[in-house]
Amino acid sequence: MADLPGPKPGLIFGNVLQMRRGGAGNRVLEGWADTYGLTYRFHLARRPVVATADPEVVDVVLRRRPDDFRRSAVAATVIDEIAPHGVFAAEGDRWRRLRKVATQSLNAAYLRQYFTTITMVSGRLLRLWESAADSGERVDVLDHMMRYTLDVTAGLAMGHDLNALESTGDGLHRRVPELFPAFARRIYAPFPYWRYVKLPQDRRLDATVREIEAVVRDRFAEARERMATGASPANFLEALVKPIENEQQLSDGEVFGNVATMLLAGEDTTSSTAAWALHFLAEHPEMHQRVRAEADEVLGDQQVPADPATVGRLRYAEAVVNEALRLQPVTPLVPSQSLRDVTLDHRDGKLFLAEGQLIFLITSYGARRDRVRFPDPDVFRPERWLNGKLPAEALPFAPFGGGPRFCPGRNLAMIEATIVVSVLSRAFDLEPDHSAGPVGERTAFTSFPTNLGVRLRHRTD
Ligand code: HEM
């Protein structure tokens, strides 16, 4: 640690205040990689952290989980307090078991079976945008995308039609998106104050968790009953409660934690990605036209794709999503921690990590800086993803992480975002609306766009 270069830490907060400046800590970490080299150290309060944007180190750490590295224990504890025993924060054998269920519930066969819900929710979104085009009102793109992904994910996670897209008031559609910023506040808090004093934001967080619990509880009995008949699981909740020979049933608390984890993991990430993709199209009318022409050809009379195979033919729309993920990855960091003393090779020699050392993997860096793999890296150019020119699975492009804990929701997320991009671009002209201020970016656990507004016009061509 002592040999690594890095920014000078402040006495109490370390480098936290510098990271918070501007609202997008991951950009600050990327900037330090430019200044100090791909692997450096910084301080979270008094705690030294290694940060690395070196693709080889990133790759090794991602792949050597869960045996040699784990998720950052602080982040896992904060998440566990809210969604206990969920697959995201689990480690070791518990993680292996939950991972199997999560992966199965998101595999291609299951997504095919679930597709009617995705089609239904996509139709709902289209109608919402039709009324926004009729009224000429400004559309808060991120808000609409969150409602969309919440509806899709609640169906998949527990077979519940939340109907966030058509909801008003202060329901879960408003509250769930507040959870990630709440995680971030707690992860970077100098000490776990909420265990002693609850601020209004903590009480609101508790109320949201109770509300999600109530929805899951409503579905529990039904799920158990159906699984007892030997039926195949139709959603993640059913997969979790299905009895498995020689395996102990998960407790109610574990089932809740996992359903809540899925809801969280699937909602915020995908909505920000879809919102960024629409933002780029609003800024690039010629690419918008290309998405539209492709949708006309592939979708024909269908308003929304009827099956995953049709989505698979929307190649340009998918390239738009990949390019949005490259330029605006929503999970630009994978905070990790060594489980034992480890020595890794890196560009400038050996990197020794003592047991328990925090190491932040800056997975966004190469995708935004690598001029060889991504010529003109700052330019939004979906064409670079077409015709197999770039494999979306290879480093340094790792918006879904990598190794055994690679995001199991990648295919679902790509399907959702591709549908949104294709279907909405086909039906509407998008005019950027900067009345709330310029479009910006904030990182609070995940990274998301701010002030992203558009006005819609029904397509005229
Ligand atoms: C664009 C959308 C998404 C992005 C960018 C994203 C990104 C990520 C990343 C970076 C990780 C950590 C991977 C690692 O540690 O190597 C992750 C984990 C995870 N994601 Fe996603 N994700 C997205 C959508 C989804 C969706 C739609 C779901 C499910 C409905 C989902 C479920 C999960 C779960 C359960 C994990 C934990 C996996 C584990 O620890 O084994 N994600 N995601």
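How far does a polar side-chain atom of Arg 65 lie from an oxygen atom of the ligand? In this predicted model, the separation is 2.7 Å, and the views below begin with the surroundings of that ligand.

**View 1. Polar side chains beside the ligand.** Arg 65, whose polar side-chain atom lies 2.7 Å from a ligand oxygen, is listed among the closest of the surrounding residues together with Arg 71, Trp 95, Arg 99 and Cys 407. Trp 95 places a polar side-chain atom 2.8 Å from an oxygen atom of the ligand, and for Arg 99 the distance between an N or O atom of the side chain and a ligand oxygen is 2.7 Å.

**View 2. The shell around the ligand.** The ligand is surrounded by 28 residues, which by class comprise 16 nonpolar, eight polar and four charged residues. Helices α5 (92-105), α12 (252-283) and α17 (410-427) each contribute at least two residues to this shell, and α12 gives the most, with six residues.

**View 3. Thr 208 within helix α10.** Thr 208 belongs to helix α10, which spans residues 200-228, and is buried, because its relative accessible area of 1% falls under the 20% cut-off. Its side chain forms a polar contact of 3.2 Å with the side chain of Arg 175. When neighbours within four places in sequence are left aside, the residues in contact with Thr 208 are Leu 172, Arg 175, Val 176 and Leu 179.

**View 4. Helix α9 and its cover.** Helix α9 (residues 179-187) has eight of its nine residues buried, so the helix is largely enclosed by the rest of the structure. The buried residues are Leu 179, Phe 180, Pro 181, Ala 182, Phe 183, Ala 184, Arg 186 and Ile 187. Among the elements that cover them are the helices α4 (73-82), α8, α10 and α12, together with the strands β10 (440-444) and β11. Leu 179, one of these buried residues, is also in contact with Thr 208.

**View 5. The second largest pocket.** The second largest pocket, with a volume of about 380 Å³, is lined by 18 residues, of which Asp 140, Leu 142, Met 146, Pro 177 and Phe 448 lie nearest its centre. Two or more lining residues come from each of α7 (141-158), α8 (172-175) and β11 (446-450); of these elements, α8 and β11 are also included in the cover of the buried residues of α9. By class, the lining is made up of eight nonpolar, three polar and seven charged residues.

How values were computed:
Residues are numbered from 1 along each chain as its sequence is written. This is a predicted model: local features need pLDDT of at least 70, side-chain atom pairs count only at pLDDT 80 or more; totals for chains, interfaces and linings use all residues. Side-chain values use heavy atoms; hydrogens and water are left out. A residue is near a molecule or strand if one of its heavy atoms lies within 4 Å of it. A polar contact is a pair of N or O atoms within 3.5 Å; within protein, one must be able to donate a hydrogen and the other to accept it, and residues adjacent in sequence count only if both atoms are side-chain atoms. Helices (H or I, at least four residues) and strands (E, at least two) are DSSP runs, numbered from the N terminus. Ala, Val, Leu, Ile, Met, Phe, Trp, Tyr, Cys and Pro count as nonpolar, Asp, Glu, Lys and Arg as charged, and the others, Gly among them, as polar. Buried means under 20% relative accessible area, exposed over 50%, partly exposed in between (1.4 Å probe, protein chains only). Contact means heavy atoms within 4.5 Å. On a 1 Å grid over the protein atoms alone, a cavity is a set of points where a 1.4 Å probe fits but cannot get out, and a pocket is an open set with protein on both sides within 12 Å along at least five of seven lines; lining residues have an atom within 4 Å of a point. Grid points are joined across faces, edges and corners, and a volume is the space filled by probe spheres set on the points.
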